[in-house]
Amino acid sequence: MPLPSDVRYLTRADFPSVLALSKERIQDGFLNAKELENYLLSPLLGALVLVKKSEVIGYVLYRKDAEEAEIDEIALRTSEEGKGMGTYLLLALLDSLRDGKRKTCFLEVREGNTKARRLYEKNGFVPYRRRKDYYPGEDGICYRKEL
């Protein structure tokens with residue numbers, strides 16, 4: 001499916017913005033250039049960026065195979081929170097995955113990340129598994145959504 005005009009696939013020119021945003025927003029294991037390069041080159045990986053006034057304000061990294069997709073990471077500039085931009089980016093990804101092949105989208109999130117959990121639940125993701133102590137001192141909650 002076509003993407004909205006302000007959401008596009010990652011390019012190398014986006015690397016500095018995405019890497020900076022990852023470092024700012026991701027608690028553990030933020031991205032490096034080699035990992036990001038994999039999302040650009042691998043047919044099993046993908047990345048979308050959300051652009052506002054020619055600046056990257058958010059991104060989503062995902063994996064895909066014949067019937068499933070999994071969101072690896074989604075991040076949004078702090079200044080853009082609470083404006084519906086996270087929902088917008090998530091829905092753009094889900095729309096792009098509805099190509100008749102993929103049936104389910106998965107993700108995992110820290111139990112204490114209530115903002116992210118609300119975003120996912122509001123958009124139809126349902127928890128199906130808990131990963132005990134997946135993070136240091138915190139469980140991971142696995143979600144799924146039928147596409």
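In this predicted model, Phe 125 touches Ile 71, Leu 90, Leu 94, Cys 105, Leu 107, Tyr 120, Tyr 143, Arg 144 and Lys 145, when residues up to four places away in sequence are left out of the count. Phe 125 also belongs to the largest nonpolar core, a set of 24 residues in which Phe 125, Ile 71 and Tyr 120 touch the most other members. Two or more residues of this core come from each of strand 2 (45-52), strand 3 (55-64), strand 4 (68-76), helix 3 (85-97), strand 5 (104-110), helix 4 (114-122) and strand 7 (138-146). Helix 3 gives the largest share, six residues. Separate from this set is a second core of 16 residues, with Leu 10, Leu 21, Leu 45 and Val 49 among them.

**The largest pocket**

The volume of the largest pocket is about 1,300 Å³. Its lining consists of 42 residues, and those nearest the centre of the pocket are Ile 26, Ile 74, Asn 113, Ala 116 and Tyr 120. Tyr 120 is thus named for the pocket and is also one of the core residues that touch the most other members. Helix 2 (33-41), strand 3, strand 4, helix 3, strand 5, helix 4 and strand 6 (126-135) each give two or more residues to the lining. The largest share of the lining, seven residues, is that of strand 4. The make-up of the lining by residue class is tabulated below.

| Class of lining residue | Number of residues |
|---|---|
| Nonpolar | 17 residues |
| Polar | eight residues |
| Charged | 17 residues |

**The chain as a whole**

Four helices and seven strands make up the secondary-structure elements of the protein chain. Their order along the sequence is β-α-α-β-β-β-α-β-α-β-β. The radius of gyration is 15 Å, close to the 15 Å that the globule rule gives for 147 residues, so the protein chain is as compact as a globular protein of that length. The C-alpha trace spans about 40 × 35 × 30 Å along its principal axes. Buried residues account for 42% of the 147 residues of the protein chain. Of the contacts between residues at least 6 apart in sequence, 59% join residues at least 24 apart.

Key:
Residues are numbered from 1 along each chain as its sequence is written. This is a predicted model: local features need pLDDT of at least 70, side-chain atom pairs count only at pLDDT 80 or more; totals for chains, interfaces and linings use all residues. Side-chain values use heavy atoms; hydrogens and water are left out. A nonpolar core is a set of buried Ala, Val, Leu, Ile, Met, Phe, Trp, Tyr and Cys residues joined through side-chain atoms within 4.5 Å. Buried means under 20% relative accessible area, exposed over 50%, partly exposed in between (1.4 Å probe, protein chains only). Contact means heavy atoms within 4.5 Å. On a 1 Å grid over the protein atoms alone, a cavity is a set of points where a 1.4 Å probe fits but cannot get out, and a pocket is an open set with protein on both sides within 12 Å along at least five of seven lines; lining residues have an atom within 4 Å of a point. Grid points are joined across faces, edges and corners, and a volume is the space filled by probe spheres set on the points. Ala, Val, Leu, Ile, Met, Phe, Trp, Tyr, Cys and Pro count as nonpolar, Asp, Glu, Lys and Arg as charged, and the others, Gly among them, as polar. The radius of gyration is taken over C-alpha atoms; the globule rule is 2.2 Å times the number of residues to the power 0.38.
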